[in-house]
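Q: I have a structure open that I have not looked at before. Could you walk me through it?

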Amino acid sequence: MENKYKTTKTTVSLINYHFIFCPRYRRKIFLIPNVEETFKHMVKYVCEEIEIEIIALECDKDHTHMFLNCPPSLSPSDIMQKIKGVTSRVLRDEFLELRKMPSLWTRGYFVSTAGNVSSVAVKKYVENQRTRY
C-alpha cells in the first residue's frame, strides 16, 4: 500500500483514519442478505462526495472497519456523522427488518490515526530536531 499525500493550495497532508463502529445493540445486520453490499456502496458514494479515499472497507456480522485517507478539513466526527447518517437513512428505507430499530448505529465509534511512519519514528525525529544543527 502506497500512501499518497493530498495537496491543496495551502496544505500537504497524509491523514489516514482507522474507524470501527457497530450497529445498535451489536445486532448482526450484515448477515441480512444485501445489507453489506448496499452499505459498502453507500460508503463509497459518501466518500466520493466529500473527497475521501477508501483504502480498505470490510464488514463482519456485527461491526465494520474502514481505513480512510482524509483531507485535513474534515474531523473524524464530521466523517462519522456523514457516513452514519447517510447509511442509516438508506439502509432503513431499503430493509424492512432495520426499520424496527429506533436507530441503526451506536453513537460511539473507534478511531485511530495511521500514517507513513510509526509514532516511535516521529517522536525520535522531533526529539532530534534540536541537535540537528
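**The core and what surrounds it**

A: This is a predicted model, and a good place to begin is its largest nonpolar core, which has 29 residues, with Phe39, Met66, Leu68, Ile79, Ile83 and Leu98 making the most contacts inside it. Two or more residues of this core come from each of strand 3 (15-21), helix 1 (35-49), strand 4 (53-60), strand 5 (63-70) and helix 2 (76-94).

Q: Which of those elements gives the most to this core?

A: That is helix 1, which gives six residues to this core. As general background, nonpolar side chains in soluble globular proteins tend to be buried together.

Q: And Ile79, what is it in contact with, leaving aside its neighbours in sequence?

A: Once residues within four places in sequence are left aside, Ile79 is in contact with Tyr17, Phe19, Ile52, Leu68, Cys70 and Leu74.

Q: Stepping back, how many helices and strands does the protein chain have?

A: There are four helices and six strands in the protein chain, and from the N terminus on the elements follow the order β-β-β-α-β-β-α-α-β-α. The protein chain has 133 residues, of which 37% count as buried. If you take the contacts between residues at least 6 apart in sequence, 65% of them join residues at least 24 apart.

Q: Back to helix 1 and helix 2, at what angle do their axes cross?

A: The axes of helix 1 and helix 2 cross at roughly 140° and come within 9 Å. The crossing is right-handed, and the two helices are described as oblique to each other because their angle is not over 145 degrees, where roughly antiparallel begins, and not within 65 to 115, the roughly perpendicular range.

Q: Which residues meet there?

A: On the side of helix 1 they are Val35, Thr38, Phe39, Met42, Val43, Val46 and Cys47, and these meet Lys82, Ile83, Val86, Thr87, Val90, Leu91 and Glu94 in helix 2. Phe39 and Ile83 are also among the residues with the most contacts inside the largest nonpolar core.

Q: Gln81 is in helix 2 too, so is Gln81 buried or exposed?

A: Gln81 counts as exposed, because its relative accessibility is 60% and the cut-off for exposed is over 50%. Its C-alpha atom is separated by 9.4 Å from that of Arg107, although the two residues are 26 residues apart along the chain.

Q: Changing topic, what about Thr64, buried or exposed?

A: Thr64 lies in strand 5 and counts as buried, with 0% relative accessibility. The side chain of Thr64 reaches the backbone oxygen of Glu58 at 3.0 Å. Not counting residues up to four places away in sequence, Thr64 touches Phe19, Ile20, Phe21, Phe30, Phe39, Leu57, Glu58 and Cys59.

Q: And His63, where is that found?

A: His63 is found in strand 5 as well, and it is buried because its relative accessible area of 15% is under the 20% cut-off.

Q: Which side chains does the side chain of His63 make polar contacts with?

A: One polar contact, of 2.9 Å, is with the side chain of Asp62, and another, of 3.4 Å, joins the side chains of His63 and His65. When residues up to four places away in sequence are not counted, His63 touches Ile20, Phe21, Cys22, Pro23, Arg26 and Phe30.

Note on methods. Residues numbered from 1 in each chain as written. Predicted model: local features only at pLDDT ≥ 70, side-chain atom pairs only at ≥ 80, totals over all residues. Heavy atoms only, no water. Core = buried A, V, L, I, M, F, W, Y, C linked by side-chain atoms within 4.5 Å. Buried < 20%, exposed > 50% of the residue type's maximum accessible area, 1.4 Å probe, protein only. Contact = heavy atoms within 4.5 Å. Polar contact = N/O pair within 3.5 Å; in protein donor to acceptor, adjacent residues only side chain to side chain. Axes fitted to C-alpha atoms, helices over the stretch in contact; angles between N-to-C directions. Parallel < 35°, antiparallel > 145°, perpendicular 65-115°, else oblique. Left-handed = near helix turned anticlockwise from the far one by under 90°.
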